[in-house]
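Subject: Structure handover and notes

Dear colleague,

Please find below the structure that I promised to pass on, followed by my notes on it. I would be glad if you could read the notes with the model open beside them.

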Amino acid sequence: FDVALPGGIPGRGLILTQLSHFWFEQTKDLCPNHILPDETEILRDRLNLSRDSQLRSMAVRKLKPLAIECVVRGYLAGSGWSSYQQDRSVCGIPLPEGLSQASKLPEPIFTPTTKASEGHDLPVTPEEAAGIVGQEVFDQVKKISLQLYDFGHELAAKAGIILADTKFEFGQDESGKLYLIDEVLTPDSSR
């Protein structure tokens, strides 16, 4: 977790970018995303990028990122498990007694965090997150995040993969319209 490995991981950028492209395409009916419709032409023709660079790049809308990250947990792992051990809750959301590490939760929960410019993001309660982005935006991203998690969890399960938790990021255009941004359901953003 947050460890800089010496030498890098061959192909990492290409793999993460292509995984995100796959998931952005799969989820575009649930939430619009930041990829421009003429991305291929921009990368290939306007920027004249090599094929390798095209596979590692995205042409996206310029948006204002929300100041929270939208974490959805379907299983009790990571910092969620640590929090549960202290007071049987995660981000102020009470959970049933008797859960163990990696237990499947009765239903997925939305556990937002701050979006730290340095260091680690910090968990916040739903009320605190709503105070940061406004109640209406909070309600929208919570609903969309839970839908995205359910969709990803179901598709991953068909491949024999458990999606324990993941984080989504959103941005807004000048009119306030929400877009899914950054990366989606990659090993860097999911457990």
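**Charges and conventions**

The chain carries 19 positive and 27 negative charges, and the mean positions of the two sets are 4 Å apart; here Lys and Arg count as positive and Asp and Glu as negative, while His and the chain ends are not counted, and the place of a charge is taken as NZ of Lys, CZ of Arg, CG of Asp or CD of Glu.

Please bear in mind that this is a predicted model, in which local features need pLDDT of at least 70 and side-chain atom pairs count only at pLDDT 80 or more, whereas totals for chains, interfaces and linings use all residues. Residues are numbered from 1 along each chain as its sequence is written, and side-chain values use heavy atoms, with hydrogens and water left out.

**Overall build**

The chain contains six helices and eight strands, these being DSSP runs numbered from the N terminus (H or I of at least four residues for helices, E of at least two for strands). Read from the N terminus, their order is α-α-α-β-β-α-β-β-β-β-α-α-β-β. The radius of gyration is 18 Å, close to the 16 Å that the globule rule gives for 191 residues, so the chain is as compact as a globular protein of that length; the radius is taken over C-alpha atoms, and the rule is 2.2 Å times the number of residues to the power 0.38. Along the principal axes, the C-alpha trace spans about 55 × 40 × 35 Å.

Of the 191 residues, 41% count as buried, where buried means under 20% relative accessible area, exposed means over 50%, and partly exposed lies in between (1.4 Å probe, protein chains only). The accessible surface comes to about 11000 Å², and 53% of this belongs to carbon and sulfur atoms; the areas come from the Shrake-Rupley method with a 1.4 Å probe, and for residues only the protein chains shown count as cover. Among the contacts with a separation of 6 or more, 66% are between residues 24 or more positions apart, a contact being heavy atoms within 4.5 Å.

**Aromatic pairs**

A search of the whole structure finds four aromatic pairs. Rings of Phe, Tyr and Trp (its six-membered ring) pair if their centres lie within 6.5 Å, and planes under 30 degrees apart count as stacked, over 60 as edge-to-face and the rest as tilted.

One of these pairs is formed by Trp 23 and Phe 151, which are edge-to-face, at 6.4 Å centre to centre and with 90° between the planes. Trp 23 lies in helix H1 (residues 12–27) and Phe 151 in helix H6 (residues 135–158), so the pair ties together parts that are 128 residues apart in sequence. Trp 23 is buried, at 10% relative accessible area, whereas Phe 151 is partly exposed at 30%.

Another pair, Trp 81 with Tyr 84, is stacked, with 6.0 Å between the centres and 25° between the planes. Both of these residues lie in helix H4 (residues 78–87), three residues apart or about one turn of the helix, and both are buried.

Phe 22, Trp 23 and Phe 151 form one aromatic cluster. Phe 151 also appears among the contacts of Thr 27, which, leaving aside neighbours within four places in sequence, are Leu 148, Phe 151 and Leu 180. Thr 27 itself lies in helix H1 and is buried, with a relative accessible area of 1%.

**Individual residues**

Arg 61 is found in the loop between helix H3 (51–55) and strand S1 (64–65), and is partly exposed at 29% relative accessible area. Arg 61 and His 34 are 27 residues apart in sequence, but their C-alpha atoms are 5.1 Å apart in space.

Leu 105, in strand S5 (residues 104–110), is buried at 5% relative accessibility. Beyond four places in sequence, Leu 105 touches Arg 73, Gly 74, Tyr 75, Leu 76, Leu 95 and Leu 99, and the C-alpha distance from Leu 105 to Leu 76 is 6.7 Å.

For the backbone, please look at the segment after strand S8 (178–181), where Asp 182 is placed. Phi of Asp 182 is near 75°, a positive value in a residue other than glycine, and Asp 182 is partly exposed at 36%. Leu 185 is placed in the segment after S8 too, with phi near 50°, again positive in a residue other than glycine, but Leu 185 is buried, at 11%.

With best regards
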